[in-house]
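Here are my notes on the model, as numbered points. Please read them with the structure open.

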Amino acid sequence: MIQLLTLPLLAILGYQDFKTLSVNQILIIALVVIQFFIGLVQSENGQTYCLTSILNIALIAFQLILVTIYFKIKANVKLKNTILGTGDLFFFLFLCFAYSPLNLITFLLISFIVTLIIHLLIKGKNEKIPLIGYLAIYCGIVFVIGINTHDDTFVSNMLSQFVEL
C-alpha cells in the first residue's frame, strides 16, 4: 500500500510526457529517491533489496547497450537525447527500484508490447512515443491493483499456469 505514495508523481510525470514529450527532471529524481526508500522499507532484507536493484540496473544497462548498438548500426543515430531522453533513463532507474528482476522483465515486456500497439493504433508510426507517460500509467495500475512488485509469486504463478497448457 505504501507504493501508492508514488501515484501523484507518476500522474504528473505521465501528464507532462503526453503533453510535451518531456518531464521535470527534479520530479523524476524525487520519484527515484522516494521509490528507493519505499523499497528499502518494504523489503525484509535491505541487502537483498540492494542486490536485486543492482541486478535490475545491470539488466537495463545491458538492454540499453544493445539498443544503442542497434540504432548506431541501423540508423546511425545516437540513442541519448534523440530517441531516449534523460528522463527516460531516470524512469528506468525508478523501475529498477520498484520491481524484482522477474517482475521487471515481465512488466517491461508487456508494457512495451501494449505501448507499441496502442501508439500505432492511435498516433501512427511516425509519431514519437511518450514512453514515461505510458509506463507511468501501467505502473499506477499495477500499484493500485496491489501487486507486490518485489515478490515474484504473481508472475511465477502466471508462468506456471501457462507452461501447464
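1. Aromatic pairs. A search of the whole structure, which is a predicted model, turns up eight aromatic pairs. One of them joins Phe36 and Phe37. Their ring centres are 5.4 Å apart and their planes stand at 75°, so this pair is edge-to-face.

2. Exposure of that pair. Are these rings buried or exposed? Phe36 has 22% relative accessibility, so it counts as partly exposed. The cut-off for buried is under 20%. Phe37 is also partly exposed, because its relative accessibility is 48%.

3. A stacked pair. Tyr99 and Phe143 have ring centres 6.4 Å apart. Their planes are at 25°, so they count as stacked. Tyr99 sits in the loop between H4 and H5, while Phe143 belongs to helix H6. The pair therefore ties together parts that are 44 residues apart in sequence.

4. Burial of the stacked pair. Tyr99 has a relative accessible area of 2%, so it is buried. Phe143 is buried as well, because its relative accessibility is 4%.

5. Aromatic cluster. Which residues do ring pairs link into a cluster? They are Phe36, Phe37, Tyr49 and Phe97.

6. The core. The largest nonpolar core has 31 residues. Phe91, Phe92, Phe94, Leu95, Tyr99 and Phe107 touch the most other members. Six helices give two or more residues each: H1 (7-20), H2 (25-42), H3 (46-74), H4 (86-98), H5 and H6 (131-145). The largest share comes from H6, with nine residues. In soluble globular proteins, nonpolar side chains tend to be buried together.

7. Phe92 within the core. Phe92 is among the core residues that touch the most other members. What does Phe92 contact, leaving aside neighbours within four places in sequence? The list is Ile60, Leu64, Leu84, Leu108, Phe112, Leu131 and Leu135.

8. A nonpolar surface patch. Not every nonpolar side chain is in the core. Leu109, Ile110, Ile113, Val114, Ile117, Leu121 and Ile122 form a nonpolar patch on the surface. Together they have about 700 Å² of accessible area.

9. Ile110 in the patch. Ile110 lies in helix H5, which spans residues 101-122. Its relative accessibility is 46%, so Ile110 counts as partly exposed. Helix H5 also gives two or more residues to the largest nonpolar core. When viewing H5, look at both the patch residue Ile110 and the core.

Note on methods: Residues are numbered from 1 along each chain as its sequence is written. This is a predicted model: local features need pLDDT of at least 70, side-chain atom pairs count only at pLDDT 80 or more; totals for chains, interfaces and linings use all residues. Side-chain values use heavy atoms; hydrogens and water are left out. Patches are made of residues with over 30% relative accessible area and no salt bridge: like charges are joined within 9 Å, nonpolar side chains (Val, Leu, Ile, Met, Phe, Trp, Tyr) within 5 Å. Accessible areas come from the Shrake-Rupley method with a 1.4 Å probe; for residues, only the protein chains shown count as cover. A salt bridge is a side-chain nitrogen of Lys or Arg within 4 Å of a carboxyl oxygen of Asp or Glu. Helices (H or I, at least four residues) and strands (E, at least two) are DSSP runs, numbered from the N terminus. Buried means under 20% relative accessible area, exposed over 50%, partly exposed in between (1.4 Å probe, protein chains only). A nonpolar core is a set of buried Ala, Val, Leu, Ile, Met, Phe, Trp, Tyr and Cys residues joined through side-chain atoms within 4.5 Å. Contact means heavy atoms within 4.5 Å. Rings of Phe, Tyr and Trp (its six-membered ring) pair if their centres lie within 6.5 Å; planes under 30 degrees apart count as stacked, over 60 as edge-to-face and the rest as tilted.
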